[in-house]
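Got a minute to walk through a fold together? Have a look at the sequence and the model first, then we'll go through some questions.

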Amino acid sequence: MKAISKSTFLVLGLWLAVAACVSLKAQETGAITSSGQDALTSQMDNGARPGDSHVRIVRLSDAKGHLGLDRKTGAGFEQTMSNMPIVQGERLATADGYAEVEFEDNSTLRVAPNTEVSFPLLALRSTGAKASTMKVAKGIVYVSTESTKDNEFLLEAGDAKMVVGPSTHLRLDFDGDAALLAVFNGSVEVQRGDETTVVNKKETLSLAAGQMSVTKKIAEGSFDAWDKESAEYHERYSHANAFAGNGNSFGLSDLNYYGNFVNVPGYGSFWQPYFIGAGWSPYANGVWALYPGAGYSWVSPYPWGWLPYHSGAWSFVPGFGWGWQPGSSFNGLNNVAMTNGAIGGGSAVAAAGTVGKGVVHSPMRPAVMPQAPTTTAAARQSLVLSNEKPIVFSKEERPGNFVFQKDSAGLGVPRGSLGNLNKISNDVGRHGSANMEVYAANPHPGMERGGDHGANRPSGPATLRPASRGDESTGYRGGNEAAAAMRQGGGNPQSNSGQASPSYHGGGGTSPAPMSAPAPAPSAAGGAGARGPVAAPR
């Protein structure tokens, strides 16, 4: 991977890096047919069985800093972003970055800096069980599995295979030769050669020089605090609600944090992201990512942008704007467009048999889906940026002052760390923006304001937190109050904490300084911001 500036630690930096990457042509690899994929699977001896389906995709649910994903396009490791699909055979590598991979049942794999992981098997068994194998070439990973029975979750490190049980939480540290496996909860069956050892809760297994030994204690790891914060985020927000269905759901944590379900008489119930207005559109900004054998897949830049772009339907509701309604089917890489006309069966509902592909319908505002780039050219771009209009970010305008912007739809808002966003979103709707006093800190056990924040050792990416202790939603001001503070103080509102906020990583990332958004792609109407089909590179 090429060295890039520290600004790419942030989602804005990631977006701009992707924009830079789209000008580079990936080497043409040709389509991988189903039979060719089966042959490759057999050659890898990766645990595949007759009758397996390899249609599964998992999700890069969080991406911070410098990391790359090899999507088998022939371009090697490329800059990536949250919501990028991961399919069998791909590789994920972090330099000084952090990544989280989410599986269909909300199980997660967290990847610490200087780590490389491959995905030799992502299969759906003929029984319906999901089989996932991750091979750690080097580095530190954390795994949290859900209580789902019958699924297979396997880690490989060197010549050791680790069968991870349901409801298990572990840390694996592998330097290419020796490995340390710490099991916080649950159990792991470790196989190496003819020897098998079961590692239980609060035990550590050491593998080195052909020996396996278990101790009944766990030493603190460098990135445990980051793992703990990430796990707590999912525990808090992954519970389903009456509108989304029962149990956990793929990507539901982000829906619950970055938006909510509303009930509109005459239209029914639908979900909307926070911080949007009537002018916001769900497909105005995104990236087309090339997947050999499947073509281009639409990747949303929004931190919640997984489930609403792989299932259900988007519709425009008069007086409310765009909303998403859950659906029973899941669309994989070919995910454009899941749309349905007016919620509740309005006048723009598509004809029978046509719902789910093609045109986005709405009773007030017809719109045409952005067109996927051609897949027949001799040389195809691996990543293609699509902007119908300039993209809007919420961000830290200056140290200690975070600004929530209308039509950012949560882009730039750190994941889970700024408290309840509902009240803030309402204020943004009234005034166009809202300010919150913040400070930046690394995750750290027993962390207090003004403390160490993990300065002496790595503990995880720094993120923004409300400067006000107690009620996390009280440390912000609406647009009018912020403007008054600027008039009185001669500048942007300052944090009362007296601490400057250094460069940090948010869940969605933010910009260390104001920066213009990528120029919008030309539209069929010819105007930069005009609605209509987005012209795609050919």
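Two strands count as paired if DSSP finds at least two bridges between them. Keep in mind that this is a predicted model.

Q: In the open sheet of three strands, which are the edge strands?
A: The three strands come in the order 21-20-24, with antiparallel pairing. An edge strand here pairs on one side only, and that fits strand 21 (295-299) and strand 24 (383-387).

Q: Which residue of strand 24 is the bridge partner of Trp-288?
A: Strand 20 (residues 285-291) runs antiparallel to strand 24, and five bridges join them. Within that pairing, Trp-288 has as its partner Val-384.

Q: Is strand 6 largely enclosed by the rest of the structure, or open?
A: Buried means under 20% relative accessible area. Tyr-98, Glu-100 and Glu-102 point one way, Ala-99 and Val-101 the other, and all are buried. That's five of the five residues in strand 6 (residues 98-102), so the strand is largely enclosed.

Q: Which residue in the turn between strand 6 and strand 7 has a positive phi?
A: These strands pair in the antiparallel sense over four bridges, with Ala-99 opposite Val-111. They form a hairpin with five residues between them, and the turn residue with a positive phi, about 80 degrees, is Asn-106.

Q: Within what arc do the buried residues of helix 5 fall?
A: Ile-424, Ser-425, Asp-427 and Val-428 are the buried ones in helix 5 (residues 422-431). On the other side, Lys-423 and Arg-430 are exposed. Seen down the axis, the buried residues line one face of the helix, because they fall within an arc of 160 degrees.

Key: Residues are numbered from 1 along each chain as its sequence is written. This is a predicted model: local features need pLDDT of at least 70, side-chain atom pairs count only at pLDDT 80 or more; totals for chains, interfaces and linings use all residues. Side-chain values use heavy atoms; hydrogens and water are left out. Helices (H or I, at least four residues) and strands (E, at least two) are DSSP runs, numbered from the N terminus. Buried means under 20% relative accessible area, exposed over 50%, partly exposed in between (1.4 Å probe, protein chains only). The arc is that of the directions from the helix axis to the C-beta atoms.
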